Amino acid sequence: MLPSQALLPAVVFALAALQALASDTFMAAVYEHAVILPQPSEEPVPASDALALMNKNMDVLEGAIKEAAQQGAHIIVTPEDGIYGWQFRRESIYPYLEDIPDPVVNWIPCTDPSRFGPAPVQERLSCMARNNSIYVVANMGDKKPCDSSDPSCPGDGRYHYNTDVVFDTQGRLVARYHKYNLFRGETQFNYPKEPEAVTFETPFGKFGIFTCFDILFYEPAVVLVSKMQVDTVLFPTAWMNVLPFLTAIEFHSAWAMGMRVNLLSANTHSTSKAMTGSGLFTPEGPAAYHYDSATEEGHLLLAELSAHPRLSPTYPPATNWSLYATSIKKFPGENDTFSGAVRKDIFTFRELRHKDGNYTVCQGDLCCHLVYQMSNKRRDEVYVLGAFDGLHGSVIKYHWQICTLLKCPSTNLSTCGQPVETAQTKFEMFSLSGTFGTSYVFPEVLYSGVQLAPGEFEVLRDGRLKSKHGTSKPLITVTLFGRLYEKDQPHPLRISL
């Protein structure tokens, strides 16, 4: 029989678990971390130096985790690269890596740290979770030995993986995910041989996890939501601000609405790298988000989310994204178009020359239709309707179909598609739709000052993104991001085989 003092924590935990189980909601947290970076080095540093640097970052993360737990959070997500940064070559990152076992081993590093060899980072993360009774999600590096019997084994005899780990409230390792879609600069890491669809159950819903660039691809992102039916996606990221759209908060909020799932997005924070923008996003829109390009401060976000959004009475119905747009050929009227670049993607644009009107612009198989009315037509501000249907990306190319109502930086039409952060023009109404060849379309509206517009627009079941009332703030973009996964180029691992 357990002594009463030993029994009390078990009783408290059991009651907390039952309370979470009985609840339809949970408290979620993400922390945007200004990472303390190592000095750039061509050669590996001593393991002690690597651990000292990682402990500095984990000191900051531990403070955020404690604060989140004290405010009632059940789970906290920390960023990609949040423990050691990104300034590495393959050789120099090795001292920062640990051997991360498969969670089936049922391991609590906090109480058994040496079971799989030295694991000081996993031990400390595990203890953070255990000591604060909170699920902790972190990003770190995994190393796995290999030899000549494996034809794809790297020359140094080991695999390096960009890895997410999850520890439960007891400090148990419950999930490990190896990033499958590496960004072009991640030469220090290897691709896992197969894409991983990692899920785990909690008293407050079914969770899936992937990392940063993964969100743009069918595997693992769509697989987790559409096939594995997760309630919430955990998303450590290091996402750069790429205006006029695909900013972190804009696209990640759009993805959550388009996929009709919760997304817990924790970004790294670096003004020199233009990285910022974290949020707690839901099928109905952002519950909380943060965007800061001016300071070097970290930021903690918390919000109460639906544990099972598909069961919520406010869960958005399924949308036929091309139903309305394919029912009309084109809006009548002027048909003069011009080309403009959004980064390296060439859009077809039409200028909105009047205070109100109906416009159509087409590119490839995509036609975008817009009905709008401005509150006032300013001479010093130009807006365009744009369409893009094609491959985007340099090393890894993936297919987009995009319809956008977009503010230009100046009255010179050659600037349309360049970054814009501010505007003065408000709209009485807008309705944007497109002849999308995919059911995966992500809607979002961005206001002046890089602010989202929760509750101020709706998506109709026939595929129209429509304002509910007049815009409360000046408008930068109204965008429908469509992804044609079947037209993507093969994954680099498949090309090399």
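**Cavities and cores in a predicted model**

The largest cavity has a volume of about 70 Å³, and like everything described here it belongs to a predicted model. Rolling a probe the size of a water molecule over the atoms shows where empty space is left. When the whole structure is searched in this way, two cavities of 30 Å³ or more are found.

The walls of the largest cavity are made by F245, L246, V342, R343, D345, F347, H392, W400 and I402, and the elements that each contribute two or more residues to this lining are β14 (345–351) and β18 (398–407). Sorted by class, the lining consists of six nonpolar residues, one polar residue and two charged residues.

The second largest cavity, with a volume of about 40 Å³, is found in another stretch of the sequence, where its lining includes P38, Q39, P40, Q87, F88 and Y96. Its lining residues divide into five nonpolar, four polar and one charged.

From the empty spaces we can turn to the nonpolar cores. The largest nonpolar core has 73 residues, of which I75, L234, F251 and W255 touch the most other members. Helix α6 (residues 248–259) gives the most to this core, namely seven residues, and at least three residues come from each of domain 1 (21–311) and domain 2 (322–487).

Which residues does F251 touch, leaving aside those up to four places away in sequence? They are I215, L216, W239, L246, W400, F442 and F481, and of these, L246 and W400 also appear in the lining of the largest cavity. Apart from the largest core lies another core, of 35 residues, among them A29, I76, I100 and A119.

Note on methods: Residues numbered from 1 in each chain as written. Predicted model: local features only at pLDDT ≥ 70, side-chain atom pairs only at ≥ 80, totals over all residues. Heavy atoms only, no water. 1 Å grid on protein atoms, 1.4 Å probe; cavity = no way out; pocket = protein on both sides within 12 Å on 5 of 7 lines; lining within 4 Å. Points joined across faces, edges and corners; volume = space filled by probe spheres on them. Helix = DSSP H or I, 4+ residues; strand = E, 2+ residues; numbered from the N terminus. Nonpolar A, V, L, I, M, F, W, Y, C, P; charged D, E, K, R; others polar. Core = buried A, V, L, I, M, F, W, Y, C linked by side-chain atoms within 4.5 Å. Buried < 20%, exposed > 50% of the residue type's maximum accessible area, 1.4 Å probe, protein only. Domains from an automatic or database assignment. Contact = heavy atoms within 4.5 Å.
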